Amino acid sequence: MSLSLADLTIRQLQSELKAGNISPVDIVNDVIKSIEDKDSEVGAYLSINSEDAITRAKEADISKPLGGIPVSIKDLINVKGQPCSCGSRILKDSYTSTFDATVIKKLKEAGAIPLGRVNMDEFAMGSSTENSGIQITKNPWDFDSIPGGSSGGSAASVSNGTAIASLGSDTGGSIRQPASFCGTVGLKPSYGRVSRYGLVAFASSLDQIGPITKTSEDAAIILNTIAGKDQHDSTSLDSEVPDYLQSLNGEIKGLRIGMPKEYFTEGIDSGVLSSVQQGIQTLNDLGAEIVDISLPHTEYAVSTYYIIATAEASANLARFDAVRYGNRVSDPTNIIEHYRKSRAQGFGEEVKRRIILGTYVLSSGYSDAYYVKAQKVRTLIRNDFTEAFTKVDAIVSPTAPTPAFKIGEMSNDPLQMYLADIFTIAANLAGICGISTPCGFTTSDNGKKLPVGLQLLGPALQEATVLKISDAFEKSTDWHKQRPKQI
Amino acid sequence: MQDNNIDVNYVADLARLELTEDQCERFSGQLNKVIDFIKQLEELDTDSIDPMAHASPIYDVMRNDVSRPGLGSEIALLNSPMTSNNQFKVTRVVES
């Protein structure tokens, strides 16, 4: 199968554009054609703004940092004039964004072209994209498996060669885990590095927007554009944005990388473990020093997360009252029935479950025992990382304990699904940055090759460090270059 | 199943969410399992630990009190399921 432009990286397309071999319209047309040819089987896209994208491509200025580069957008980031359903029936076919999220404004100013809305777990709640209220998305490597979540459409579109790059969001691993499951790169920036304005909120103290790309170099290019202080998001950090590309010099000699003993215990799939161990050996061969460390409160991270995230979600989702937006039931007899029935009709099971849990942990008589307690344990978890980063520059682990699981395999056991987030959620609680890059393959029960991700975590605002390491890793391996074969 | 953990019906009422009987029963089972699990936090002594509401060390972000352009009523009403006289139309709130 020949490569199309949609299979290329941002960096490769930029060379072709500058050499005059292709035009932005060629790229956009090729991505649209790839979607038409290949997405019906995978189901990553919810909608495509073809005409608008072609118009933008005609006007694109390729001298800009992302001039003429189309990017698929997770369906909870507002793009003016486009739908923003958050994968939910409550907004499906009834909501059109009236403004651009800050990340979209910045992408457009840098010349990028938002192209297509990609699927996700409803309101980003899930690890498999099965909780989408709109459609199922399949893993391009194995159509019987899930693509991961909640940014499953983002990862599947990049992996499948139907997007050059994508923007996702990560509240507990929702960029890194699907990137790992689909064999792509996924970067979760530090909390506050990227503005959340225009991102529909799930858990406001944990959410962060980031890129899903084919290489760490592409992730650095996008982060260069979207990072920075924003007057519309008071939690965005007023800290200088370095040129992340400059840190990608392949030099990781002497860097100290920690292996937390709590992340290398039983329960990790053997294929995942051997790929990750081989990846760590590669980092060692490149001159990094591998150091044993401990993050003693790791076992409490899942509990802490599912208290804080659901508490914040229950408050954030109160805005869906079917008054200002959202589908309303017909002829409710009073306002309470209006709320109860509209929300019952619009939200899916997992969203309801999390609203219930979040309301419970915040309710009178329970909030100290659960919510305040979890906030305190969150401090302990952050302190673990602060302590670890006095000894090491970054931390390495598997991104997830298993490869992509089968569609339907975990959908009846929420606790089991929550436990699958074990390696990613602590980074959100601590507010630090993390990246997942492909480090090998394992074999599924039905004999299909499934990608494995290596996770690198860095201190807050040290994206340059994790990007440098993952880029050096990619320069000496070719796992990230492998693409699923279309059946 | 420990049914002393969560009264799903009551909590759903607080959350303005109508659940079917079937959902109530299923959520009770599933959420009691989750709550039993998260009770592990009780093992930790956190008496001297400050709660952390937020990941970044920034507080009280201020800006100058100057007006900025807003959406305007036409655009603000664009996504509403029901409007009337250039306003959101809400289901009856007072008893008739």
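Let's start inside chain A, at strand β2 (residues 70-74), which is mostly covered: 5 of its 5 residues are buried. Bear in mind as you look around that this is a predicted model. Side chains in a regular strand alternate between the two faces of the sheet. In β2(A), A:Pro70, A:Ser72 and A:Lys74 point one way, while A:Val71 and A:Ile73 point the other way, and all of them are buried. A charged residue such as A:Lys74 is therefore among the buried residues of this strand.

Next, follow β2(A) sideways to strand β3 (residues 113-118) of chain A: the two pair in the parallel sense over 4 bridges. One residue to pick out here is A:Lys74 again, whose bridge partner in β3(A) is A:Val118. Pairing of this kind runs through backbone hydrogen bonds, in either a parallel or an antiparallel arrangement.

Now zoom out to the whole sheet. It is an open sheet of 11 strands in chain A, with mixed pairing and the order β1-β3-β2-β4-β6-β5-β10-β11-β9-β7-β8. The edges are held by β1 (45-47) and β8 (289-293) of chain A; each has a single partner strand, so one side of each is left without a neighbour in the sheet. On average, neighbouring strands of this sheet are turned by 35° against each other, direction ignored. Towards the β8 end of that order you will find β7 and β9. Strand β7 (residues 256-260) and strand β9 (residues 394-398) of chain A pair in the parallel sense over 2 bridges, and A:Ile257 stands opposite A:Ala394 in β9(A).

From here we can step to a helix. A:Ile280 lies in helix α8 (residues 270-285) of chain A, and it counts as buried because it has 20 C-beta neighbours inside 10 Å, where 20 or more is the cut-off. Not counting residues up to four places away in sequence, A:Ile280 touches A:Met259, A:Ile290 and A:Val396. Its C-alpha atom is separated by 31 Å from that of A:Ser239, 41 residues apart along the chain.

What about the nonpolar interior? Nonpolar side chains tend to be buried together in soluble globular proteins. The largest nonpolar core here has 167 residues, and A:Ile77 and A:Ile356 have the most contacts inside it. Helix α9(A) gives the most to this core, with 9 residues. Leaving aside neighbours within four places in sequence, A:Ile77 is in contact with A:Ala101, A:Val103, A:Ile104, A:Leu167, A:Gly198, A:Leu199 and A:Ile209.

A loop residue makes a nice contrast in setting. A:Gly173 is found in the loop between β4 (166-169) and α6 (176-182) of chain A, and because it has 32 C-beta neighbours inside 10 Å it counts as buried. Beyond residues up to four places away in sequence, A:Gly173 touches A:Asp421, A:Thr424 and A:Ile425. A:Thr298 is 125 residues from A:Gly173 in sequence, and the two are 15 Å apart in space, C-alpha to C-alpha.

Finally, turn to the partner chain. Chain B averages a pLDDT of 91, with 96% of the residues scoring at least 70, and the predictor gives the complex an ipTM of 0.94 and a pTM of 0.97. The contact takes 56 residues from chain A and 44 residues from chain B. On the side of chain A that touches chain B, the elements giving two or more residues are α9 (301-316), α10 (335-346), α11 (349-362), α12 (368-388) and α13 (414-419). Of these, α12(A) gives the most, with 10 residues. This side divides into 25 nonpolar, 20 polar and 11 charged residues.

Key: Residues are numbered from 1 along each chain as its sequence is written. Chains are lettered from A and ligands numbered from 1 in the order in which they are written. This is a predicted model: local features need pLDDT of at least 70, side-chain atom pairs count only at pLDDT 80 or more; totals for chains, interfaces and linings use all residues. pLDDT is the predictor's confidence in each residue, from 0 to 100. Two residues are in contact if their C-beta atoms, placed from the backbone, lie within 7 Å. Two strands pair if DSSP finds at least two bridges between them. Axes are lines fitted to C-alpha atoms, for helices over the stretch in contact, and angles run from 0 to 180 degrees between N-to-C directions. A nonpolar core is a set of buried Ala, Val, Leu, Ile, Met, Phe, Trp, Tyr and Cys residues joined through C-beta atoms within 7 Å. A residue is buried if 20 or more other C-beta atoms lie within 10 Å of its own, exposed if 12 or fewer, and partly exposed in between; C-beta atoms are placed from the backbone.
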